[in-house]
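Here's a quick tour of how some helices sit against each other, and of where two chains meet. Have the model open as you read.

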Amino acid sequence: MNRIKTLLIKEFSLDFRTKYPFYSLISYLLSLSYICYLSFQGTLSLETWNALWWIIVLVTTTTAIGKSFIQESDRSIYYYFLLRPSELLLSKLLYNLIYVVSLTGLCYLLMQLFFPQHIANPSAFTLNGALVSIGLAGAFTLISSISASTNSQSNMMSVLGFPVAIPVLLMGVTNSRKLIAGKALEDIQGSITSLVSVDVIIIALIFVLFPYSWKK
Amino acid sequence: MEYFIKTSWWKWLALGLLVYTVIGGFLFDVPRLPILNETVRVLHFHVPMWFGMILLFIGAAIFSVRYLLTQDLKYDLYSKELIETGFFLGILGLATGMLWANFTWGEPWSNDPKQNSTAIGMLLYFAYMILRGSITDDHQRGRIAAVYNILAFFMLIALLFIIPRMTDSLHPGNGGNPGFNVYDLDSDLRMVFYPAILGWTLLGLWIATIKVRISKLNLL
């Protein structure tokens with residue numbers, strides 16, 4: 001537990017010291033949503049709003065998580081001696097999860113700023129967003145460790161990440177569209193349950209598979 | 001897989017079953033149904049090709065697991081060839097399905113959840129082939145490809161068996177459309193359908209074993 005805490009603190013202090021990865025993500029979000037604002041001229045249907053929000057989240061989180069293992073390449077030799085794979089994975093997963101959740105939230109605020117949209121059921125909407133974030137963070141963490149060992153690291157992240165993320169994203173987009181339209185949580189209980197089960201499958205899989213993708 | 005490379009009786013079985021499928025599929029009596037009419041015969045081509053694809057992908061996932069456990073490169077080769085053949089069968093299944101949809105649903109692509117899942121599933125395995133191309137070291141490629149393949153396989157399961165269940169599909173057997181059991185009261189279709197599954201799967205396996213042998217020769 002202590003090691004995981006130390007690793008997490010290391011990640012955040014690295015971000016705090018270098019600063020540019022964090023600011024680049026913010027500028028990414030700002031420019032993407034501003035482009036949408038300018039090109040749609042303030043008129044968005046509910047479906048388009050929802051789709052745009054998730055597409056911006058998808059693109060930004062791919063960029064955000066893509067760096068998580070690529071920047072470790074010179075340090076990983078120490079990790080082999082010091083850490084169990086599950087410890088490293090858990091710390092990365094938590095770190096990425098914090099990033100994905102905050103990016104999703106920030107993107108939501110920006111979309112609300114540019115295109116005000118009434119959310120009928122905020123608590124269920126947040127729950128759905130959190131579940132999708134968990135799935136995205138889990139899948140992208142493994143994909144990032146896979147793409148770190150290929151020759152074209154940043155390209156592979158989106159090539160491999162998008163198809164893997166689609167099942168989670170598809171369920172999330174459908175749920176949030178229904179929730180914005182005014183459905184209650186009980187109406188979409190079935191799809192929330194399947195979203196949870198897909199999340200569980202992803203998390204379980206990455207803990208099994210990560211040791212193999214990490215070893216050199 | 002070694003067993004299938006060495007023996008040949010199942011190739012004769014595949015040949016026999018496919019000849020039976022083509023003759024039986026086109027000539028046997030089929031139930032008269034509104035809209036479907038004679039197009040119900042696509043059941044013997046489109047659906048079994050998909051079954052074959054899924055069975056080949058299951059085989060590929062099993063070989064990926066075995067590769068991770070043993071680090072033996074032959075399992076990596078098997079899993080790669082099975083995926084490429086399965087991908088080919090998947091495209092054939094998609095093409096025959098679109099042809100059928102053009103007659104029954106009015107257009108080749110009608111935003112059906114199963115069709116969309118199919119397209120994404122193909123994308124998943126397309127990414128697998130791109131991934132293999134981007135790594136040069138044999139053992140590293142085997143390991144990384146195996147890890148991705150297992151993840152992709154579970155996502156395919158989610159795509160094909162969870163998501164389409166959540167929404168209505170135009171496919172027979174979904175969303176209030178009557179399925180196989182209702183259409184096929186006298187089991188005429190089943191007599192061809194089940195052999196067709198085995199036939200198309202074995203044909204895929206046949207192609208995969210030939211590809212394995214070619215790859216092994218190229219290594220020499």
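In this predicted model, α3(A) passes α7(A) in a right-handed crossing; a crossing is right-handed if the near helix is turned clockwise from the far one by less than a right angle, and left-handed if anticlockwise. The two axes come within 9 Å and cross at roughly 145°. Axes here are lines fitted to C-alpha atoms, for helices over the stretch in contact, with angles running from 0 to 180 degrees between N-to-C directions. Helices are DSSP runs (H or I, at least four residues), numbered from the N terminus.

On the α3(A) side, the residues that meet α7(A) include A:Leu46, A:Trp54, A:Leu58 and A:Ile70, and their partners in α7(A) include A:Met157, A:Gly161, A:Leu169 and A:Ile180. Contact means that C-beta atoms, placed from the backbone, lie within 7 Å. By class, this contact has 10 nonpolar, 9 polar and 2 charged residues. Ala, Val, Leu, Ile, Met, Phe, Trp, Tyr, Cys and Pro count as nonpolar, Asp, Glu, Lys and Arg as charged, and the others, Gly among them, as polar.

α7(A) has a kink worth a look: this helix (residues 153-180) bends by about 45° at A:Ile166, with a proline, A:Pro167, following within four residues. The bend is the angle between axes fitted to the seven residues ending there and the seven starting there. After α7(A) comes A:Gly182, with a positive phi near 110°.

Back on α3(A), there's another neighbour, α2(A). Here are the three helix pairs side by side.

| Helix pair | Axis distance | Angle |
|---|---|---|
| α3(A) and α7(A) | within 9 Å | roughly 145° |
| α2(A) and α3(A) | within 10 Å | roughly 160° |
| α6(A) and α8(A) | 9 Å | about 20° |

The angle in the second row makes α2(A) roughly antiparallel to α3(A) (the label takes angles over 145 degrees, while under 35 is roughly parallel, 65 to 115 roughly perpendicular and the rest oblique). Their crossing is right-handed. Among the residues making the contact are A:Tyr28 and A:Leu32 of α2(A) and A:Ile56 and A:Val59 of α3(A). This contact has 10 nonpolar, 3 polar and 1 charged residues.

As for the third row, α6(A) and α8(A) pack at about 20°, and that makes the pair roughly parallel. α6(A) passes α8(A) in a left-handed crossing. The contact uses, among others, A:Gly135 and A:Gly138 of α6(A) and A:Ile202 and A:Phe210 of α8(A). It counts 15 nonpolar, 6 polar and 1 charged residues.

Now for the other chain. 25 residues of chain B are in contact with 24 residues of chain A. On chain B, α5 (113-133) and α6 (138-166) are the elements giving two or more residues to that side, and α6(B) gives the most, with 15. The side of chain B that touches chain A divides into 21 nonpolar, 3 polar and 1 charged.

How confident is the predictor? The complex gets an ipTM of 0.86 and a pTM of 0.87. Chain B averages a pLDDT (per-residue confidence, from 0 to 100) of 83, and 86% of its residues score at least 70. Among its elements, α7 (residues 180-183) of chain B has the lowest mean, 55, and α3 (residues 46-70) of chain B the highest, 91.

Residues are numbered from 1 along each chain as its sequence is written, while chains are lettered from A and ligands numbered from 1 in the order in which they are written. As this is a predicted model, local features need pLDDT of at least 70 and side-chain atom pairs count only at pLDDT 80 or more, whereas totals for chains, interfaces and linings use all residues.

Notes: pLDDT is the predictor's confidence in each residue, from 0 to 100. Two residues are in contact if their C-beta atoms, placed from the backbone, lie within 7 Å.
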